[in-house]
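Biologist: Could you walk me through this one before I set up any calculations?
Modeller: Sure, here it comes.

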Amino acid sequence: MDYLSDERKKSDFDVEAMKVAWAGSIQEFQLSDRMAKLVANDPVFEKFTRPMLGRKELLKNTLRKSAHAWKLIIDLRLSEEEAKWLRLYVDEPAYTDLHWGMFIPAIEGQGTEEQKKKWLPLAKKMQIIGCYAQTELGHGSNVQGLETTATFDTRTDEFIMHSPTLTSSKWWPGGLGKLSTHAVVYARLIVGGQFHGVHGFIVQLRSLEDHSPLPGITVGDIGLKFGNGAYNTMDNGVLRFDHVRIPRNQMLMRVSQVTKEGKIMQSDVPRQLIYGTMVYVRQTIVADASKALSRAVCIATRYSAVRRQFGSRDGGPETQVIDYKTQQSRLFPLLASAYAFRFVSEWLKSLYLDVKQRLEANEFSTLPEAHACTAGLKSLTTTATADGIEECRKLCGGHGYLVSSGLPELFAVYIPACTYEGDNVVLMLQVARFLVKTVSELGHKKPVGTTAYMGRVASLMQKNSAVQTAEGWLNPGAVVEAFESRAARMAVRCAQELAKFGNPEEGFAELAVDLVEVAVSHCQLIVVTKFFEKLQQDIPGKGVKESLEVLCYVYALFLLHKHQGDFLATGYLTPKQASLANAQLRTLYSKVRPNAIALVDSFSYTDHYLGSILGRYDGNVYPKLYEAAWEDPLNDSDVIDGFHQYVQPILKQRLHSAKL
Ligand SMILES: CCCCCCCC/C=C\CCCC(=O)SCCNC(=O)CCNC(=O)[C@H](O)C(C)(C)COP(=O)(O)OP(=O)(O)OC[C@H]1O[C@@H](n2cnc3c(N)ncnc32)[C@H](O)[C@@H]1OP(=O)(O)O
Ligand SMILES: Cc1cc2nc3c(=O)[nH]c(=O)nc-3n(C[C@H](O)[C@H](O)[C@H](O)COP(=O)(O)OP(=O)(O)OC[C@H]3O[C@@H](n4cnc5c(N)ncnc54)[C@H](O)[C@@H]3O)c2cc1C
């Protein structure tokens with residue numbers, strides 16, 4: 001029985017075509033769909049009991065799943081792309097994420113051809129397991145502050161890896177604690193007693209025979225993390241070196257080389273390439289944000305259509321909670337954000353691939369923009385997604401708090417994304433630096449790419465919004481201009497404030513809060529612009545483009561409403577224009593409403609991947625919630641273990657005292 005079938009009949013667009021638009025292409029859709037079904041139909045990948053497992057069982061269970069996934073990859077001869085989707089749908093953080101997601105990319109991006117030839121085949125056949133060991137107990141954000149040393153010994157042609165202080169212990173790297181045999185370790189390069197910056201080194205940590213730590217290496221897990229199950233399937237680790245020697249050719253030498261004689265040679269490659277793996281991963285994290293948010297929204301939307309409260313006076317059906325305007329005003333902007341993040345991630349991936357190609361050809365001019373875009377969008381989308389998942393939990397009322405809703409675990413797994421791969425505030429400050437530099441160079445350098453609008457700063461500072469009616473907001477030009485003006489005006493105002501400080505660094509520190517707001521406004525502009533640009537493309541399927549247009553306006557006008565203080569304070573909008581935008585937003589919510597279920601069906605998530613009783617495709621929520629309660633181990637017996645020992649004596653005492 002499909003309890004949501006009436007909802008599905010209300011939609012006015014072609015869901016199958018929307019699935020393709022969401023996936024990016026028919027090929028991507030088919031590939032992802034094949035992997036989703038492969039995982040969903042395989043009992044090894046069951047995950048409902050995960051939150052009940054103790055840490056050791058949990059990790060062992062993850063190892064079992066990872067081994068099974070690897071067997072499928074080999075047996076079915078899956079491509080790297082297919083394997084990526086397979087791991088995604090297994091939906092369990094594992095050491096393999098860091099092996100494939102950071103260890104291999106670090107060698108690909110920072111290794112020489114010779115190093116790639118040696119290490120990549122081993123890693124790609126999983127004959128070694130690697131992780132990315134950058135963060136230390138004492139320093140994470142400040143990479144230049146890392147304390148681990150790699151001292152070159154000319155006599156033996158080796159580096160000596162050492163952890164000189166407690167705070168220099170590597171701390172956090174995923175896969176490090178129990179599984180990795182190797183790591184790319186970031187350490188201060190010391191040659192001839194001089195410090196030459198932080199570099200990456202490939203270090204073997206464990207024996208390939210019996211997996212025991214090699215001499216001089218102390219390694220272990222850092223302990224339980226937030227939530228049951230959740231990220232505890234990962235062995236985030238601690239690592240210390242006691243004068244561990246590695247051959248010279250294990251320093252990743254694309255950026256700088258150390259010769260046998262102890263000479264440092266700089267290639268033409270900029271130093272920043274040492275941070276290149278982070279650019280790559282931040283880009284993938286934006287795509288992950290759209291996945292995590294769309295999952296939460298899918299659960300909350302389906303459940304909001306099933307759930308009824310109030311509204312019936314004559315014994316008829318009560319109101320579906322999705323019909324309350326307040327519910328819509330909380331849910332639909334998140335639905336629109338999921339689509340917005342999906343499309344901006346598609347664009348970001350193409351920007352990244354372009355930069356990567358240029359870097360391979362030793363062309364580095366676009367790296368600063370790629371850094372600013374990946375850092376800023378990672379920060380913007382992960383913050384919105386973490387908040388959005390929690391909002392979805394609240395949208396599901398009490399049942400959202402049950403683990404079987406899927407939302408608590410999703411939240412617990414997701415929230416560290418606001419911290420890892422760069423704390424979100426630290427990353428927005430990087431964007432702000434880039435914008436301040438762009439503004440300061442306006443006189444002699446034409447801004448390009450995502451900052452091209454700054455080239456029109458004079459007119460953006462003068463011209464105010466011409467919108468006169470609520471319908472006037474349904475105009476891409478009007479909306480984009482509003483976001484451009486807000487971002488440009490805020491940036492210029494901040495630059496003017498900064499100029500009042502004699503010392504620019506002091507000014508930057510003092511105005512950091514405002515600078516973060518400037519960076520946020522710039523990043524929101526990027527997302528809005530890329531959504532409108534997506535709508536310029538050929539998007540086939542009945543009603544698909546029209547539905548996406550509605551979502552695009554919801555995303556933009558919701559932000560405009562939420563941040564109306566900025567738009568009003570910069571003088572671009574009048575209060576009347578802001579309230580017209582809000583009126584239009586209400587109309588847009590009514591347009592989303594009949595399509596809401598179809599819009600979340602278009603994510604094409606299997607019930608296995610969603611992992612939620614509230615978000616079931618068939619909407620059969622109550623019987624399944626009731627059934628699941630009886631599967632809880634506490635309900636194995638009517639009288640709980642411990643009752644006779646700890647509770648009965650108290651009850652007896654009460655009876656006894658009552659007699660008295
Ligand atoms: C499908 C695969 C998916 C797999 C992924 C799975 C996900 C698994 C989950 C978790 C993994 C988590 C892994 C980690 O967390 S790894 C550790 C990540 N750590 C960080 O992100 C640290 C953050 N800190 C930094 O990035 C930097 O230290 C800094 C904040 C940028 C400061 O750097 P620095 O001290 O050098 O200071 P500056 O600001 O002066 O910068 C100097 C110039 O460099 C430019 N820059 C900075 N970063 C980059 C970069 N990444 N790329 C290019 N350029 C960069 C900066 O703009 C300055 O340039 P300028 O021209 O102004 O001199
Ligand atoms: C689940 C998880 C997995 C991880 N995996 C890995 C991994 O595989 N490999 C690895 O190397 N690392 C990993 N990390 C570490 C992660 O990258 C760092 O924790 C992250 O970069 C943040 O650094 P930090 O912990 O030093 O935070 P801190 O910098 O100490 O942040 C603390 C607070 O200080 C603020 N702050 C810091 N600097 C500034 C500043 N300049 N201006 C204003 N405010 C500032 C921050 O905003 C934050 O509020 C992981 C972390 C987590 C949680």
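**Ligand 1 and its shell**

Biologist: Which residues come nearest to ligand 1?
Modeller: First, the ground rules: this is a predicted model, local features need pLDDT of at least 70, side-chain atom pairs count only at pLDDT 80 or more, and totals for chains, interfaces and linings use all residues. Residues are numbered from 1 along each chain as its sequence is written, with chains lettered from A and ligands numbered from 1 in written order. A residue is near if its C-beta atom, placed from the backbone, lies within 6 Å of the molecule. Of the 27 residues around ligand 1, the nearest are G101, V143, Q272, Y275 and G422.

Biologist: Which helix gives the most to that shell?
Modeller: Helices are DSSP runs (H or I, at least four residues), numbered from the N terminus. At least two shell residues each come from α6 (95-110), α8 (276-306), α10 and α12 (424-440). The top contributor, with four residues, is α8.

Biologist: Why does ligand 1 lie between two domains, and which are they?
Modeller: The domain bounds come from an automatic or database assignment. Ligand 1 lies between them because both give residues to its shell: domain 1 (1-41 + 276-609) and domain 2 (130-267).

Biologist: How many residues of α10 are buried?
Modeller: Helix α10 covers residues 367-395 and reaches 41 Å from first C-alpha to last, close to the 42 Å expected (1.5 Å times one less than its number of residues). Buried means 20 or more other C-beta atoms, placed from the backbone, within 10 Å of the residue's own. α10 is mostly covered, and the buried count out of 29 residues is 21.

How values were computed
A residue is buried if 20 or more other C-beta atoms lie within 10 Å of its own, exposed if 12 or fewer, and partly exposed in between; C-beta atoms are placed from the backbone.
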